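Visitor: I would like to go through this model with you, beginning with its charged pairs and then turning to the ligand. Could you show me the sequence and the structure before we begin?

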Amino acid sequence: MKILIIGKTGQLGSALLKDALALGHDVLAPSRQELDILNEESFLKAMMHYKPEVVINTAAFHNVPLCEVEPIKAFQSNCIAVKKMAEISHEFGAWFVSFSTDYVFSGAKQIPYIESDTPGPLQMYGLSKLAGEYAALSYNKSIIIRTCGLYGIQGATSKGGNFVDNRIKDSKQNNRIEIGNDQTISPTYAGDLSKAVLQLIAHPSKESGIYHLVNEGYCTWYEFTKEIFKILDIGVELVPVDRGGKTDKMRRPRFSALKNEKGAKMEIDLPNWKDALSRYLNMKYNM
Ligand SMILES: NC(=O)c1ccc[n+]([C@@H]2O[C@H](COP(=O)([O-])OP(=O)(O)OC[C@H]3O[C@@H](n4cnc5c(N)ncnc54)[C@H](OP(=O)(O)O)[C@@H]3O)[C@@H](O)[C@H]2O)c1
């Protein structure tokens, strides 16, 4: 398959590039300098040059607190650019795949959200991503994949590294660490997500629409950190704290675990989050 991957330096984009090449796909992965999603001309140029069968966009403005401060930039990246790419992909007859988030949900549900649940974002990031979902899905051959709590070998540069690596760094500088126990999530390893995405786009019965793809199961950020430290045998004091589902005034969903209902019916399953975390730590920290 001819695939255009956008965001190759990111957590997910780098995993997709590696896995797509390993599967023998024909991949074009331009740099941000060559293809900026905020520059429609640069996307059009890549499409004309390469004529892919599938476009996979992993680029986004997803620093959640910054989206509150820069809502226009959030909507430009997460909605307007996504709409333009979906529209141009449609004109070229290509499938368009883009990523969304558990933050489209309010967190009021107490069991994992499925694809057909009603969204209710609480902050600019979730709003901009939900708008992007609607924008993309107004075209045929558009797929939105919602994921959650992503960590990958290549850390998220826009957030100053991923959660796992940052907690390990914290443990080297502190004897006592406070971690939120007020948000329940489905932590997801980019390496597992990438394989599931490639399975989905190659699936004969794939359809336009929304898919949830996350590692199976859920935990709070505190429980996740506890498991990281347990696997690495890190002995610092870990203290659960309740921040009321907020960062300053910004609200976050208290429960935003996702369930892969549609993918599972297509036999696209991701392993449990504990299994994923242990493989990640093994690969990155050789333990
Ligand atoms: N991270 C999470 O916890 C999480 C949770 C749920 C959903 N998601 C969604 O999953 C997707 C992938 O996330 P990720 O963690 O892999 O992101 P990431 O590590 O921050 O990578 C984003 C990639 O997009 C590139 N990029 C950013 N703005 C761009 C632009 N204007 N034009 C072209 N490229 C641009 C970045 O390039 P640079 O290296 O130059 O910055 C980087 O290669 C996003 O849609 C995100 O909203 C993430």
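Visitor: Is Lys284 buried, partly exposed or exposed?

Guide: This is a predicted model, and the label rests on relative accessible area, where buried means under 20%, exposed means over 50%, and partly exposed covers what lies in between. The relative accessibility of Lys284 is 30%. Because that value falls in the middle range, Lys284 counts as partly exposed.

Visitor: Which parts of the chain does the salt bridge between Asp165 and Lys284 tie together?

Guide: The closest N and O atoms of Asp165 and Lys284 are 2.7 Å apart, which is within the 4 Å that a salt bridge requires. Asp165, at 9% relative accessibility, counts as buried. The two residues are 119 residues apart in sequence, so the pair ties together helix 6 (residues 163–173), which holds Asp165, and helix 10 (residues 273–285), which holds Lys284.

Visitor: How many residues apart are Asp170 and Arg167?

Guide: Asp170 forms a salt bridge with Arg167, with the closest N and O atoms 2.9 Å apart, and Arg167 counts as buried at 14% relative accessibility. Both Asp170 and Arg167 lie in helix 6, and their spacing, about one turn of the helix, is 3 residues.

Visitor: How far apart are the closest N and O atoms of Glu40 and Lys84?

Guide: Glu40 is partly exposed at a relative accessible area of 35%, and Lys84 counts as partly exposed at 33%. Side chains of opposite charge can pair when their charged atoms come close. Glu40 and Lys84 form a salt bridge, and their closest N and O atoms are separated by 3.8 Å.

Visitor: Turning to the ligand, which residue has a side-chain N or O atom 2.9 Å from an oxygen atom of the ligand?

Guide: Backbone atoms also approach oxygen atoms of the ligand, with a polar backbone atom of Gly7 at 3.2 Å and a backbone N or O atom of Leu150 at 3.0 Å. The side-chain contact at 2.9 Å, however, belongs to a residue that is also among those coming nearest to the ligand. That residue is Arg32.

Visitor: Which element gives the largest share of the shell around the ligand?

Guide: The shell has 27 residues, which divide into 10 nonpolar, 12 polar and 5 charged. The largest share, 3 residues, comes from strand 4.

Technical notes. Residues numbered from 1 in each chain as written. Predicted model: local features only at pLDDT ≥ 70, side-chain atom pairs only at ≥ 80, totals over all residues. Heavy atoms only, no water. Near = heavy atom within 4 Å. Polar contact = N/O pair within 3.5 Å; in protein donor to acceptor, adjacent residues only side chain to side chain. Helix = DSSP H or I, 4+ residues; strand = E, 2+ residues; numbered from the N terminus. Nonpolar A, V, L, I, M, F, W, Y, C, P; charged D, E, K, R; others polar. Salt bridge = Lys/Arg side-chain N within 4 Å of Asp/Glu carboxyl O. Buried < 20%, exposed > 50% of the residue type's maximum accessible area, 1.4 Å probe, protein only.
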